[in-house]
Amino acid sequence: MRNFFNFLIRQYFFFLFLILEIISFVLIVQYNYYQKSSFINTTNNISGGILSSFHSISEYFSLRETNQKLAEENARLLSEAAKFYLKTDTLTHFQKDTIYNRQFVFTTAKVLSNSTNRRNNYLTLNKGSKHGISIDMGVISSNGIVGIVKEVSSHFSSVISVLNKETKISAKIRKNGQIGTVIWEGGNYRYGHLIDIPTHIKPLIGDTIITSGFSNSFPEGILIGTISDFKIEKGDNFYTITIKFLNDFNSISYVNVIKNLMKPELDELTKNNKND
Amino acid sequence: MINPFLRNIVRFLLLLFFQIAILNNIHLGGFINPYLYILFILLLPFETPKWLLLIASFAIGISVDMFSDTTGIHAAACVFMAFCRPAVINLISSNQGYEPGIKPIIRDLGFNWFFSYSLILVFVHHLVLFFLEVFSFSEFFYTIYRVLLSTIFTLILIILSQYIIYRKKK
């Protein structure tokens, strides 16, 4: 036994190395594979607070661009508003509408940190559970899809970007409604892939890809990107389609978080499907 | 003369700040990200006890992790790099041992020594870092390509910082 302790003491450098590596690996694995909230990320108050003070400086550099984007979005929303439509049918009269039931609510949030250069990218937002944000909510910006909320603390939330190995977005080609999955395989952050489109249909370069609305995180019709290239690998039954994201992920400063008011009901309904 | 302990703490904070506030936002060519903060581990004095070397490297790694949402990846890479450091120093030292008071910088040991010293350790750090980030060997050659490019840029920054901070004694 004494020899054993002597051995430990003589080789302490190696054992200390081993212990520290094991701690790091536990942290990595815990963060990647369980939805446990770990202390060491940007949603805790210390690093979240410091990052938001950095951000308050750096956001001045992109004011012009942000203003332009907001103005464009305003203009688009204004043009969609009902009061700017010309009434052509003078016979109809309006009454309270009971056909529509509100399903999606949007919350604006500011991006505190963002990356596009890693294999797995995340964003941090300045809103958290206090502002009604919870796990699995979709995140979009004025140019389209951004990611899905992965973790929330009381004031901040962490979002898995579309630019991540884990992200799979259910999508469809707007023109013909073919359902596929959008993934990102690393490399250039402007381009991703649409897989699972069968070979009998004819995609065209420039076709728009939108969300399918099959996942409970996103409503149908949120923009994702346009087709920039497609091919069929030998012996494959599906196209390999390269898409160009409409969002420039490197310049996102404000996003909308989507709350699906019907999600509990949908989850309850589809719960049994997964058990089979 | 500042106490070497205090000097290293100040260096720790400065490099950490520089990394998270500026370098983390620099993406050359879309995905090349220089990691200058490991200069802290390179510049720890030769006399640093081995356990302190490991603990200090773990500390700076986990601090960078905290600010970039990469829990544990930087810490693991830094600890591995610190583990390799004594062996690398032994490998490339021409004479037996170093005189007391000499620091691992270009001014004291020359360009060739410092270049091979930092090249090996930066490469080791980036290799561990990028492979842990991808967490699979499926994109092996692409990851190696990223490791090499980032190593070059980190190395350029490290060598530049040496010439900017340590002027030649006259």
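Here are some exercises with worked solutions on a predicted model.

**Exercise 1. The interface in outline**

Work out how many residues of chain B are in contact with chain A, and what area is buried between the two chains.

*Solution.* Start with the contacts: 37 residues of chain B touch 37 residues of chain A. Next comes the area. The size of an interface is often given as the accessible area lost when the parts come together. Between chain B and chain A that area is about 3500 Å², and carbon and sulfur atoms give 67% of it. Finally, look for the leading contributors on one side: B:M66, B:D69 and B:T71 supply 22% of the area that chain B buries against chain A, more than any other three residues.

**Exercise 2. What chain B brings to the interface**

Find which elements of chain B give two or more residues to the side that touches chain A, then sort that side by residue class.

*Solution.* Walk along chain B and note the elements that qualify: α1 (4–21), α3 (50–68), α4 (73–92), α6 (111–134) and α7 (140–165). Of the elements of chain B, α3(B) gives the most to this side, with 10 residues. Sorting by class then yields 24 nonpolar, seven polar and six charged residues. Now check the pairs that cross the interface. The salt-bridge rule finds zero there, while seven residue pairs are in polar contact, with both residues at pLDDT 80 or more.

**Exercise 3. A leucine in chain B**

Decide whether B:L16 is buried or exposed, and find which residues B:L16 touches beyond four places away in sequence.

*Solution.* First place the residue: B:L16 sits in helix α1 of chain B. Its relative accessible area is 11%. The cut-off for buried is under 20%, so B:L16 is buried. Leaving out residues up to four places away in sequence, B:L16 touches B:S63 and B:V64. For a C-alpha distance, take B:L16 and B:I60: they are 44 residues apart in sequence and 7.4 Å apart in space.

**Exercise 4. Cysteines and disulfides**

Count the disulfides over all chains, then classify B:C78 and B:C84 by accessibility.

*Solution.* The count of disulfides over all chains comes to zero. B:C78 has a relative accessible area of 0% and is buried. B:C84, at 16%, also counts as buried.

**Exercise 5. Salt bridges in the whole structure**

Find how many salt bridges the whole structure holds, and describe where their partners lie.

*Solution.* The search finds three salt bridges over all chains. Take them one at a time.

1. A:K172 pairs with A:E220, the closest N and O atoms being 2.6 Å apart. This pair links distant parts of the chain: A:K172 is in strand β6 (residues 169–173) of chain A, and A:E220 is in the loop between β9 (208–211) and β10 (223–232), 48 residues apart. A:K172 is buried at 14% relative accessible area, whereas A:E220 is exposed at 54%.

2. A:K175 and A:D207 meet at 3.1 Å, N to O. Because A:K175 lies in the loop between β6 and β7 (179–183) of chain A and A:D207 in the loop between β8 (191–198) and β9, this salt bridge ties together parts that are 32 residues apart in sequence. A:D207 is buried, with 10% relative accessibility.

3. A:D267 pairs with A:K263, with the closest N and O atoms 3.1 Å apart. Both lie in helix α5 (residues 263–275) of chain A, four residues apart, about one turn of the helix. A:D267 is partly exposed, at 31% relative accessible area.

Definitions and conventions. Residues are numbered from 1 along each chain as its sequence is written. Chains are lettered from A and ligands numbered from 1 in the order in which they are written. This is a predicted model: local features need pLDDT of at least 70, side-chain atom pairs count only at pLDDT 80 or more; totals for chains, interfaces and linings use all residues. Side-chain values use heavy atoms; hydrogens and water are left out. Contact means heavy atoms within 4.5 Å. Buried area is the accessible area (1.4 Å probe) that two parts lose on being put together, summed over both. A salt bridge is a side-chain nitrogen of Lys or Arg within 4 Å of a carboxyl oxygen of Asp or Glu. A polar contact is a pair of N or O atoms within 3.5 Å; within protein, one must be able to donate a hydrogen and the other to accept it, and residues adjacent in sequence count only if both atoms are side-chain atoms. Ala, Val, Leu, Ile, Met, Phe, Trp, Tyr, Cys and Pro count as nonpolar, Asp, Glu, Lys and Arg as charged, and the others, Gly among them, as polar. Buried means under 20% relative accessible area, exposed over 50%, partly exposed in between (1.4 Å probe, protein chains only). A disulfide is a pair of cysteine sulfur atoms within 2.5 Å.
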